[in-house]
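Reader: Hi! Could you take me slowly through one part of this model, with every cut-off spelled out as you go?

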Amino acid sequence: MADTAKLELEGTIVELPIVVGTENEKGVDITHLYGTTGYVTLDPGYANTGACKSAITFIDGDQGILRYRGYDIAELCEKSTFMEVCYLLIYGELPTPDQFSAFKERVLRHSLIHEDMKSFFTSYPGHAHPMAILSAMVCSLSVYHPELLAPNPTPREMDQTITRLLSKVRVLAAFAYKRSVGEAFVYSRPELDYLSNFMHMMFTTPMNPYEPNEVIRKALDVLFILHADHEQNCSTSTVRMVGSSKANLFASISAGICALWGPLHGGANQMVIEMLEAIAEDDCNYKKYIDKAKDKNDPFKLMGFGHRVYKNYDPRATILKKYCDDVLNQLGIHDPILDIAKELEEVALTDSYFIERKLYPNVDFYSGILYRAMCIPTNMFTVMFALGRLPGWIAHWKEMIEEPGMRIARPRQIYDGSPVRSYVPPNQRPSPA
Ligand code: ACO
């Protein structure tokens, strides 16, 4: 294969280097295109743009493959834990037993937040969406750790920031929930593991301690592993974009949380359950909802369906669909919403509109059913996604910060507004049509 591509611009041939990834993905390197020709590339929504090289996650959307640091997602779900995957994503390798103990110990050590922060939570109205609170609180951590905001952190400062954030984010999420239900904040218990501690902080009340449940802990492990990274998606690209200005980690992750909140991204998991509940109330009239999703004059979309990268079944949805049955059986729960989800999927996947556009269930289609089984309220679903995605965001921020010659992210544009014109005094401006 040639190692350059040739592009003809105004009669001049420009040679552009071809870049080939580990799995033979090919790209054309246009780094110097503007400098040498004055041309930019135009790619709204970045569907064809590789924003960086990255060694963290590999996706083959046509084959339905997802790997973290080379390890297949299904194997990690079966054999690993969320904490181990955090280490793998952030530091690049699976930890040795000693490395893993030290890492867990460091994370455990930071499971308290500054007492003053509790007053922030009580200042929000009770109905505040927990994603708004989580984003604000993660950014607020920067106020309490001014020693960790250096634009060029040392490896030690970087580790300190990472472990604090990994630990405290669970506390912030649980406190946001406690605020929304008007219950007392609960502190972590040192003897509990990362995920059981989160459930304890969510569900323990002074009258009723939360009993750790192995089925739920394993289900959370699987859900969070599946959410842990997904290369250059909207929220991760946001974290990279903000971090490229050398904003600190807390501020960068806070921005990523906001990006995740949108219904086209992580916010879809809340909307899937709301959609399935609406279908249940509508006597399971699947055709009505499929027709709405196909109607170009109707903004409704089948939530939890479609993906920018997967043009095949999302491997995360494959795992979750099967896992929903297992977990609900083990917990002795029959949730009619799971039956509705499966029936809706069947109707959609036999409809030519969805077949032609290669629209399959994505990770958000089945995740909410598992969260319901754990008594997580619907408005906390996207917060759960954020907790799972945190190590991926951190890994990308770290990879970017450590890259020699890192540059601020600054896309260009093709301006298509008005040409130059003179200022018009107020009394001479035409009335709007
Ligand atoms: N329901 C109905 N039609 C859809 C859906 C859907 N869920 N998703 C895509 N389409 C249609 C589009 O209207 C478009 O049709 P057209 O070719 O006739 O114009 C075609 O399929 C291609 O879709 P795009 O919008 O070009 O796909 P894009 O890559 O831009 O968007 C996205 C991907 C945002 C995920 C989209 O599929 C969607 O909105 N899905 C529903 C929301 C959702 O589930 N989001 C979670 C994604 S996973 C995650 O972020 C964690």
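The strands and their turns

Author: Happily! Let us start with a pair of tyrosines: Tyr-68 stands opposite Tyr-71, which belongs to E6. Before we go on, please keep in mind that the model is predicted: local features need a pLDDT of at least 70, side-chain atom pairs count only at pLDDT 80 or more, and totals for chains, interfaces and linings use all residues. Residue numbers start from 1 along each chain, following the sequence as it is written.

The strands (E, at least two residues) and helices (H or I, at least four) are DSSP runs, numbered from the N terminus. The partner of E6 here is E5: two bridges join E5 to strand E6, residues 71–72, and the strands run antiparallel. Two strands are said to pair if DSSP finds at least two bridges between them. A further partnership links these strands, with Asp-72 in E6 as the bridge partner of Arg-67. The turn of this hairpin has two residues between the strands, and Arg-69 takes a positive phi near 50 degrees in it.

Now for the other neighbour of E5. Strand E4, residues 57–60, is joined to E5 by four bridges, again in the antiparallel sense. Tyr-68 appears here too, as the bridge partner in E5 of Thr-57. The hairpin of E4 and E5 leaves four residues between the strands, and Gly-64 in the turn has a positive phi of about 70 degrees.

Put together, these strands make an open sheet of three, in the order E4-E5-E6, with antiparallel pairing. E4 and E6 stand at the edges with a single partner strand each, so one side of each is left without a neighbour in the sheet.

What do the side chains of E5 do along its length? They alternate along residues 65–68: Leu-66 and Tyr-68 point to one face and are buried, whereas Ile-65 and Arg-67 point to the other face and are not buried. Buried is a count here: 20 or more other C-beta atoms lie within 10 Å of the residue's own, while 12 or fewer make it exposed, values in between make it partly exposed, and the C-beta atoms are placed from the backbone.

Strands of a sheet pair through backbone hydrogen bonds, either parallel or antiparallel. With that in mind, let us turn to the other sheet. An open sheet of three strands has the order E1-E2-E3, and its pairing is antiparallel. Its edge strands are E1 (4–9) and E3 (26–28), each of which pairs on one side only. On average, neighbouring strands of this sheet are turned by 30 degrees against each other, direction ignored. The axes behind such angles are lines fitted to C-alpha atoms, for helices over the stretch in contact, and the angles run from 0 to 180 degrees between N-to-C directions.

E1 is joined to E2 by six bridges, and the two run antiparallel. Within this pair, Glu-8 stands opposite Ile-13 in E2. On its other side, strand E2 (residues 12–20) pairs with E3 in the antiparallel sense over three bridges. There, Val-19 stands opposite Gly-27 in E3.

The turns of this sheet deserve a look as well. E2 and E3 form a hairpin with five residues between the strands, where Asn-24 takes a positive phi near 70 degrees. The hairpin of E1 and E2 has two residues between its strands, with Glu-10 in the turn.

Where does Glu-10 sit, and what is its backbone like? Glu-10 lies in the loop between E1 and E2. Its phi is near 50 degrees, a positive value in a residue other than glycine. Is Glu-10 buried or exposed? Glu-10 has 8 other C-beta atoms within 10 Å, so it counts as exposed.

One residue outside the sheets is worth setting beside Glu-10. Cys-284 has a phi near 55 degrees, again a positive value in a residue other than glycine. Cys-284 sits in the loop between helix H12 (268–281) and helix H13 (286–294). With 17 C-beta neighbours inside 10 Å, Cys-284 is counted as partly exposed.
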